[in-house]
Amino acid sequence: MMLFAFSACQQSPAKVRVAEVTRSIFYAPLYVALSKGFFKNEGLQVEVQTTWGGDKTMTALLSGGADVALVGSETSIYVYAQGANDPVINFAQLTQTDGTFLVARNHSGSFDWENLKGSTFLGQRKGGMPQMVGEFVLKKHQIDPETDVNLIQNIDFANIANAFASGTGDYVQLFEPTASIFEKEGKGHIVASFGTESGKVPYTTFMAKKNYLSQNEETAQKFTNAIYKAQQWVEKSTAAEIAKVIEPYFEDTPADVIETVVDRYKQQHSFALNPVLDEEEWNNLQDIMSEAGELPQAVEYGDLVNTKLAEKAAAE
């Protein structure tokens, strides 16, 4: 009877279903939290599904197919502008820069943004953060995306790399590890970082519907605690140590490439040091969206950002 009473008192782990916009080394702290048991130590069972694209990720969240989405903060603004009754709230930031790189098909040893003028530039999907940051950076270097380059952005996200490898474009905007793999295989050369050029933005954030956060505050806090612990571990660890921990999530990527990519992201401070999304980053995001003509309406920081969980996690 005593054994039964003890067993009955054991709490089952709270389940959290996460929809990630893509599988990327850019999200290393998430996989660290999974591999090193930070979620498990918080009493959580976290399941991650890759939904391949911002629209599909948000659909999964809004339809109840996921509890938490890992996606660009711009998607929460799009949903808000459509008059959602239950708005999507950004509660924990994972990355704080753009994660894409400019890859040139041919490289003479020196690079200047002026080289892009008159070239064919294979960009990202219109309305997504990579595309908006890409255009923002081009304009920063006095390059008009509409007149100075032949901009191609009608290729599906999953097929952009294949299109470039097949001969389309002089330059392409790519995520890692594809950029480093292309460089290793001689298909292209990394010549610039959009993350370095664009400054800090809430590029990838954990978000959930407002009602979910209010009804599952304890679970959301534990989730944020685990993410913060992973962020701190990533900051203190070497690229080699991080690569070894996340390697099981990238079985098709060579170990040396994983380490190279992690090091590149660490060098440009892409991994947020804590989950707090600050107002300056939020405003920079909206400036980039506005510059790209994709901001449906300006949204106050406090309307779609809740830092309560992140601040509590970082304070412990």
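## Exercises with Worked Solutions

Strand β10 (residues 204-209) is joined to strand β3 by 3 bridges, and the two run antiparallel. Strands are DSSP runs of E with at least two residues, helices are runs of H or I with at least four, and both are numbered from the N terminus; two strands pair if DSSP finds at least two bridges between them. The model is predicted: local features need pLDDT of at least 70, side-chain atom pairs count only at pLDDT 80 or more, and totals for chains, interfaces and linings use all residues. Residues are numbered from 1 along each chain as its sequence is written, and side-chain values use heavy atoms, with hydrogens and water left out.

**Exercise 1.** Determine the order of the strands in the open sheet that contains β1 and β10.

*Solution.*
- Step 1. Begin with β1 (residues 14-20), which runs parallel to β2 (residues 44-50) and is joined to it by 7 bridges. Within this pair, K15 of β1 has Q45 as its bridge partner in β2.
- Step 2. β1 is also joined to β3 (residues 68-71) by 3 bridges, again in parallel; V18 has V68 as its partner in β3.
- Step 3. Continue from β3 to β10, where F206 is the bridge partner of L70.
- Step 4. The 5 strands thus stand in the order β2-β1-β3-β10-β4, with mixed pairing. β2 and β4 (88-95) each have a single partner strand, so one side of each has no neighbour in the sheet. From one strand to the next, the twist averages 25 degrees.

**Exercise 2.** Which helix lies across β1, β2, β3, β4 and β10, and which residues of the largest nonpolar core touch the most other members?

*Solution.*
- Step 1. The helix is α11 (residues 217-236), which runs at about 20 degrees to β4. Such angles run from 0 to 180 degrees between N-to-C directions, the axes being lines fitted to C-alpha atoms, for helices over the stretch in contact.
- Step 2. The largest nonpolar core has 94 residues, of which F206, F223 and I246 touch the most other members. A core of this kind is a set of buried Ala, Val, Leu, Ile, Met, Phe, Trp, Tyr and Cys residues joined through side-chain atoms within 4.5 Å. The largest share of the core, 6 residues, comes from α11.
- Step 3. Apart from neighbours within four places in sequence, F223 is in contact (heavy atoms within 4.5 Å) with V16, V18, F39, L44, V46, V68, F91 and F206.

**Exercise 3.** Determine the strand order of the open sheet that contains β7 and β9, and state which helix packs on it.

*Solution.*
- Step 1. The 5 strands follow the order β7-β6-β8-β5-β9, and their pairing is mixed. At the edges are β7 (150-152) and β9 (189-193), each pairing on one side only. The twist averages 30 degrees from one strand to the next.
- Step 2. β6 (residues 120-122) runs parallel to β7 and is joined to it by 3 bridges; the partner of L122 in β7 is I152.
- Step 3. The helix is α8, which touches β5 (100-104), β8 and β9, its direction making about 125 degrees with that of β8.

**Exercise 4.** Which residues lie closest to the centre of the largest pocket, and what is the backbone geometry at W52 and P177?

*Solution.*
- Step 1. The largest pocket holds about 550 Å³ of space. Among its 26 lining residues, R23, W52, E176, P177 and T178 are the closest to the centre. Elements giving two or more residues to the lining are α7 (160-165), β8 (171-175) and α8 (178-185).
- Step 2. On a 1 Å grid over the protein atoms alone, a pocket is an open set of points where a 1.4 Å probe fits, with protein on both sides within 12 Å along at least five of seven lines; lining residues have an atom within 4 Å of a point. Grid points are joined across faces, edges and corners, and the volume is the space filled by probe spheres set on them.
- Step 3. Most residues other than glycine have a negative phi, and most peptide bonds are trans. W52, in the loop between β2 and α4 (54-62), has a positive phi of about 55 degrees although it is not a glycine. The bond from E176 to P177 is cis, with omega near 5 degrees, and P177 is found in the loop between β8 and α8.

**Exercise 5.** Are S76 and G195 buried or exposed?

*Solution.*
- Step 1. Buried means under 20% relative accessible area, exposed over 50%, and partly exposed in between (1.4 Å probe, protein chains only).
- Step 2. S76, in helix α5 (residues 74-81), has a relative accessible area of 0% and is therefore buried.
- Step 3. G195, in helix α9 (residues 194-198), is likewise buried because its value is 4%.
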